[in-house]
Every structure is written in C-alpha cells, then in structure tokens.
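Me: I have a model open and want to learn how to read its features. Where do we start?

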Amino acid sequence: MAGIKQRQWVKPQSAPNSEINVTPLVDVVLVLLIIFMVVTPLLEKDILVRVPDTEVENEPPPENPDNQQLVVLLDKDGSYSINTEKVPASDYINRLKRMLAAKKADEKVVFFMADDATNYGRLIAALDGAKAAGAKVLGMATELPSNAIIQGTQVDTGTPAPAPTP
C-alpha cells in the first residue's frame, strides 16, 4: 500500500474581499477618545485675573487720591522697600501687618514693583508675605508714577550738573 496516493483537493481562489476591516479603526478611535478624556480636565485650570477696562485719555485724575497706598519695591539684590522705606526681610511681614491693620477691610491693597533682575522666588515670597499680613488685593505695577520718589534716586530739578574738574 505504499504506492497508493491520496487525493488532495485545493479550493479555487475566491474573489478579493473589498470590504473595509473596521476593527483597527475602532481600536484607534477608542485610544484617542481615552486620551482626550484624560487630557481635557487638565486644560481647564484657570487663574482669575481682573484686568482694567479700556483707558480713557481725557479722564481727569481722582479728586482725592489716597496718599496711604502701600507700594512694595523689590530691588535686584532682594531687599524690600515699603513706601520708599527700606525694610529688613525679617521685619517685612510685621511692618505690613501694622500698616494694613490701620486700614478698612476693603482698602487692604498692596502694590508690588520688582526690578527686572529680581529673583522670582523673592517676589513670590513678598506676595505670600503680604497675604499673610492681611492684604486682600495684590496689584502689580510695571512703571513708577511720574511723581514717585524712591529711596536712593535723585529728582531732576532742572539745574545743570557741575562740570567735571580736570
């Protein structure tokens, strides 16, 4: 029986399948859906910032400006000044606390002005210190007012400087 051959049947080739296989498409869409569901809550963190309305150029200045505004100036070396008075870092919070205690609750506003070379960590420490001292509103100033007097600066009186001697 070694010489008996078995017949093998071969199926004839069928027509090509022209339908789209959607299984990989569904897998990709589900992965993208999961990614968007995870990332979307992370994008919704907002910091509330009040910005001033548009500037009116011909608006008159207020009749009675508050001369008791608190302005904290940070120098590039990290020293604090409150209303042009140098304050050691150890006494900064206590001094602000005393100044803010004399104000009404809705007037506890502190403005900050930092030198461009100031360490960012020092500025954050100053902001945190003002909040700890009882400030309700913190403001940032980018320019000094024209009538501001800062310790260590001189006011130009219009007189010419003396000529250097040879």
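Me: How many salt bridges does the count come to?

Reply: Keep in mind that this is a predicted model. Side chains of opposite charge can pair when their charged atoms come close. Here the count comes to four salt bridges.

Me: Which residue forms a salt bridge with Lys86?

Reply: Asp75 does, with the closest N and O atoms 2.5 Å apart. Lys86 sits in strand S3 and Asp75 in the loop between S1 and S2, so the pair ties together parts eleven residues apart in sequence. Check accessibility too. Lys86 is partly exposed, at 42% relative accessibility.

Me: Which residue forms a salt bridge with Glu85?

Reply: Arg95 is the partner, and the closest N and O atoms are 2.5 Å apart. This pair links distant parts of the chain, with Glu85 in strand S3 and Arg95 in helix H2, ten residues apart.

Me: Is Arg95 buried or exposed?

Reply: The cut-off for buried is under 20% relative accessible area. Arg95 has 17%, so Arg95 counts as buried. Glu85, at 38%, is partly exposed.

Me: Which residues are joined into one network by salt bridges that share partners?

Reply: Start with Asp91, which forms a salt bridge with Arg95, the closest N and O atoms being 3.1 Å apart. Shared partners then join Glu85, Asp91, Arg95 and Arg98 into one network.

Me: Now the sheet. What is the order of the strands?

Reply: Strands of a sheet pair through backbone hydrogen bonds, either parallel or antiparallel. This open sheet has five strands in the order S3-S2-S1-S4-S5, with mixed pairing. S3 (85-87) and S5 (137-140) are the edge strands; each has a single partner strand, so one side of each is left without a neighbour in the sheet. From one strand to the next, the twist averages 30°.

Me: How many bridges join S1 to S4?

Reply: Five bridges join S1 (residues 70-74) to S4 (residues 109-114), and the two run parallel. Within this pairing, Leu73 stands opposite Met113 in S4.

Me: Which strands do the helices touch?

Reply: Helix H2 (residues 92-101) packs on the sheet and touches S1, S2 (80-82), S3 and S4. Its direction makes about 15° with that of S2. Helix H3 (residues 120-133) also packs on the sheet, touching S1, S2, S4 and S5. The direction of H3 makes about 150° with that of S5.

Me: Where does Lys131 lie?

Reply: Lys131 lies in helix H3. Lys131 is partly exposed, with a relative accessible area of 45%. Leaving aside neighbours within four places in sequence, Lys131 is in contact with Lys136 and Leu138.

Definitions and conventions
Residues numbered from 1 in each chain as written. Predicted model: local features only at pLDDT ≥ 70, side-chain atom pairs only at ≥ 80, totals over all residues. Heavy atoms only, no water. Pairing = 2+ DSSP bridges. Helix = DSSP H or I, 4+ residues; strand = E, 2+ residues; numbered from the N terminus. Axes fitted to C-alpha atoms, helices over the stretch in contact; angles between N-to-C directions. Contact = heavy atoms within 4.5 Å. Buried < 20%, exposed > 50% of the residue type's maximum accessible area, 1.4 Å probe, protein only. Salt bridge = Lys/Arg side-chain N within 4 Å of Asp/Glu carboxyl O.
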